[in-house]
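Let's explore a structure together, one question at a time. Have a look at the sequence and the 3D view before reading on.

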Amino acid sequence: MSFKDNYQAEFARAAEKAFPVAYPDTPSSNLNAESIFGMLGLPKDHKMGRFCLPVFRFAKELKTKPPEIAQELCDAMNDILAAESSDIRCEAVGGFVNARIDPANMARSTLSDILEQGERFGLSDEGKGQTTLVEYSSCNIAKPFGIGHLRTTIIGNSLRLIFQKLGHTVVGINYLGDWGTQFGKLIVAYRLWGEGLDLTENAVEKLYGLYVRFHKEAEDNPELDEQAREAFKQLEEGNAEEQKLWERFRTLSLKEFERIYALMGIEFDWITGEAFLNDKMEPVIERFRKAGLTSISRGAEVVDLHDEQLPPLLLRKADGATLYATRDLAGLLYRWDTWYFSLMLYVVATSQSDHFKQVFKAVDLLEQAEGIPEEERASARVAHVDFGWVKFMDTATGSAQMMSTRKGNIVFLEDVIAKAKALARERILQRNPDTEDIDKTAHMIGVGAIVFSQFMAKRQKDISFDWDQVLSFEGETGPYLQYTHARLCSLLRHYEAEVPSAFDPAYLGGEEEQRVVELLYDFPRALHDAAGNFDPYYIGTHLLKLSAAFNKVYQRKDEQGKIDKIISEDHAERTQARIVLVKAVQTVVGEGLRLLGIPAPQQM
RNA sequence: GCCCCCGUGGUGUAACGGAUAACGCGUCGGCCUCCGGAGCCGGAAAUUCAGGUUCGAUUCCUGACGGGGGUACCA
């Protein structure tokens with residue numbers, strides 16, 4: 001997953017050779033290209049160079065002031081680099097050796113690559129032979145799709161695409177919450193108040209109403225909870241009546257979820273659920289027993305994790321019923337047997353972090369006890385991709401609040417989509433009423449705004465769901481990226497001819513163009529950052545930089561204060577070079593948006 | 001009580017232990033006889049506090065204060 005920049009590697013090799021030249025008497029300890037590569041950083045301002053080597057750490061050993069070292073090293077490196085006719089040149093500034101790349105050569109190679117490879121730019125085969133599982137969305141049957149499920153759905157969907165791009169065989173898993181005591185509650189509620197309901201329409205909404213009512217009434221009538229436990233027990237034991245109800249709830253819910261996934265462009269490779277594991281838990285519990293890892297505590301059968309500073313993992317409750325941890329264990333082992341994955345990601349909120357620690361640890365103890373070597377253990381290949389809360393900004397009180405599905409305090413994703421789409425449509429009619437298929441485009445923009453709102457911060461951070469922010473189309477938003485893409489497409493239409501295959505990079509030597517080229521070159525790195533951190537945020541933020549850099553070129557003015565147009569009939573060759581740049585940016589922005597799960601309209 | 005995460009301008013967020021702390025929104029002031037102004041340019045404005053490690057700390061360590069989460073028979 002690590003990403004090796006060729007220029008940086010070349011620079012590091014030159015530095016390795018330069019040290020003995022500049023300081024022949026110093027036993028430059030541990031100084032090889034590898035370690036120097038690791039020391040490289042980014043200049044504070046990209047105008048200072050592509051990357052840099054801080055030399056402060058050598059001052060003590062060399063008994064020399066950092067600026068002097070930088071200068072000596074820089075001179076020696078430039079000699080070496082020049083002799084190798086490298087594209088890199090160094091510059092000493094303070095205690096740093098800054099690297100500059102020949103802009104024309106970098107533009108030529110980067111743009112040719114993108115033109116040639118198209119949307120395959122950044123594609124890699126490094127994940128070849130590796131199977132990566134991503135579990136995400138995992139919404140609960142009989143509960144509406146609220147914005148609480150937005151983050152896991154969007155992050156997971158994007159990770160699936162990102163790992164595919166890196167050559168992995170990816171299995172996107174939707175692990176539905178279709179089992180558990182909640183269904184006992186629902187069954188009881190349905191029998192009490194739901195028999196007459198017409199569930200052919202808005203089934204989820206109606207079932208959810210029953211669920212909320214159950215919780216309200218159970219507050220005054222604890223006996224309901226008792227009934228719910230009993231109903232779930234019946235369900236788990238395979239009682240036909242309860243089974244039938246459950247199946248009906250499940251089918252109706254799934255139908256509705258599929259509609260919403262289609263609206264959002266979310267895809268899965270395997271839709272399963274907790275119930276799928278019903279017959280797979282007992283053998284797993286037996287395996288734990290055999291390994292000597294189970295004990296009875298307060299009537300429940302548990303895996304003690306006291307030594308790991310974790311609460312015990314409950315395999316069976318005192319009444320014999322299983323829990324979600326039991327199912328997660330069985331699920332993990334089932335998937336391991338089925339795919340022998342190299343990596344499995346659980347995209348689940350951070351509030352469940354202890355739960356996953358327990359499950360992973362329990363599996364680890366099991367594999368240890370069974371004598372499975374470390375590199376063959378499933379427990380070494382799983383990760384909890386956690387993320388912060390989506391808090392709901394209550395405009396009435398101005399404070400962020402948690403949403404609770406039990407209390408019925410929830411924002412429906414479908415309402416959010418509809419609202420975003422309506423606003424986008426208004427905007428299109430007002431700005432570009434000639435847009436083809438306004439309805440479809442408005443939908444793309446609405447979805448783009450919603451999806452990108454989840455990439456506003458790194459996943460670990462809480463984000464507050466704020467209507468104003470999600471429906472904002474300006475600044476660092478999905479629609480800004482989409483707008484940039486549409487504008488690029490517009491330029492290509494305007495150019496009318498084919499994008500030239502040959503161009504003179506000398507025309508792209510301006511500071512603004514150079515910056516765009518650099519960011520294009522860095523796209524694969526952003527891809528690796530996203531994969532390595534399990535966070536598409538890094539792609540989002542990179543696309544924002546790239547778009548901003550291009551928009552700067554686009555609106556640049558000449559000495560007379562007039563816009564320096566991309567397309568100019570008086571400068572055919574310059575126009576060719578610029579159109580190549582436009583095509584490359586459009587390709588990368590479009591592909592980046594795809595990886596985030598955001599549609600890229602050609603006009604809007 | 002114990003464990004985990006988080007404290008950066010008015011606000012939402014950035015910043016491999018490195019150079020003058022970056023960007024969006026908001027705010028103030030500019031830019032189209034327009035290749036798409038959903039854009040671009042420029043102001044004002046910030047690292048919770050106290051120690052420590054380091055040549056160098058927003059970043060690492062300790063403590064305080066503040067916020068959030070978790071803490072076995074829900075998921």
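What follows is a conversation between a student and a tutor about this predicted model.

Student: How many residues surround RNA strand B?

Tutor: Good place to start! A residue joins this group if one of its heavy atoms lies within 4 Å of the strand. The closest are Phe-96, Lys-317, Tyr-324, Arg-431 and Glu-476. The number that surround RNA strand B is 71.

Student: How do the residues of that surface divide into nonpolar, polar and charged?

Tutor: The surface near RNA strand B includes 21 charged residues and 16 polar ones. The nonpolar residues there number 34.

Student: Which helix gives the most to the surface near RNA strand B?

Tutor: Several elements each supply at least two residues, among them strand S3 (96-101), helix H12 (324-339), helix H14 (413-431) and helix H17 (478-495). One of these gives the most, with eight residues. That helix is H17.

Student: What percentage of the atoms of RNA strand B within 4 Å of the protein belong to sugar or phosphate?

Tutor: Those atoms of RNA strand B are split between sugar or phosphate on one side and bases on the other. The share belonging to sugar or phosphate is 55%.

Student: How far is a sugar or linking oxygen of RNA strand B from an N or O atom in the side chain of Lys-557?

Tutor: Let's set a few contacts side by side. For Arg-427, a side-chain N or O atom is 3.0 Å from a sugar or linking oxygen of the strand. For Tyr-480, the partner is a phosphate oxygen, at 3.0 Å. For Lys-557, the partner is a sugar or linking oxygen, and the distance is 2.3 Å.

Student: Now for charges inside the protein. How many salt bridges does the structure hold?

Tutor: Side chains of opposite charge can pair when their charged atoms come close. Counting such pairs here as salt bridges, the total is 40.

Student: Which residue forms a salt bridge with Glu-591 and lies in helix H6?

Tutor: Glu-591 itself is in helix H21 (residues 572-596), and its partner is 426 residues apart from it, so this pair links distant parts of the chain. Glu-591 counts as buried, at 7% relative accessibility, and the partner is buried too, with a relative accessible area of 2%. The closest N and O atoms are 2.7 Å apart, and the partner is Lys-165.

Student: Glu-591 also meets Arg-594 in a salt bridge. Where do the two lie?

Tutor: Their N to O distance is 2.9 Å. The two are three residues apart, about one turn of the helix. An α-helix has 3.6 residues a turn, so residues three or four places apart point the same way. Arg-594 counts as partly exposed, at 37% relative accessibility, and both residues lie in helix H21.

Student: Which residue pairs with Arg-250 in a salt bridge?

Tutor: Their closest N and O atoms are 2.9 Å apart. Arg-250 is in helix H10, while its partner sits in the loop between strand S5 (169-176) and helix H7 (181-194), 72 residues apart. That partner counts as buried, at 0% relative accessibility. It is Asp-178.

Student: What is the nearest side chain of opposite charge to Glu-256?

Tutor: Glu-256 is in helix H10 (residues 240-264), and it touches Asn-202, Ala-203 and Val-204, leaving aside residues up to four places away in sequence. Glu-256 is buried yet has no salt bridge. A salt bridge needs the atoms within 4 Å, whereas the nearest side chain of opposite charge is 4.5 Å away: Arg-259.

Student: How many of the eleven residues of helix H18 are buried?

Tutor: The buried residues include Val-516, Val-517, Leu-519 and Leu-520. Among what covers the buried residues of H18 are helix H1 (6-22), helix H5 (103-117) and helix H19 (523-532). H18 is largely enclosed by the rest of the structure, because the number of its residues that are buried is eight.

Student: Last one! Ser-137 has a positive phi; is Ser-137 buried or exposed?

Tutor: Most residues other than glycine have a negative phi, and most peptide bonds are trans. Ser-137, with a phi of about 75 degrees, is in the loop between strand S4 (131-135) and H6. At 2% relative accessibility, Ser-137 counts as buried.

Methods: Residues numbered from 1 in each chain as written. Chains lettered and ligands numbered in written order. Predicted model: local features only at pLDDT ≥ 70, side-chain atom pairs only at ≥ 80, totals over all residues. Heavy atoms only, no water. Polar contact = N/O pair within 3.5 Å; in protein donor to acceptor, adjacent residues only side chain to side chain. Helix = DSSP H or I, 4+ residues; strand = E, 2+ residues; numbered from the N terminus. Nonpolar A, V, L, I, M, F, W, Y, C, P; charged D, E, K, R; others polar. Buried < 20%, exposed > 50% of the residue type's maximum accessible area, 1.4 Å probe, protein only. Lys, Arg positive; Asp, Glu negative; His and termini not counted. Contact = heavy atoms within 4.5 Å.
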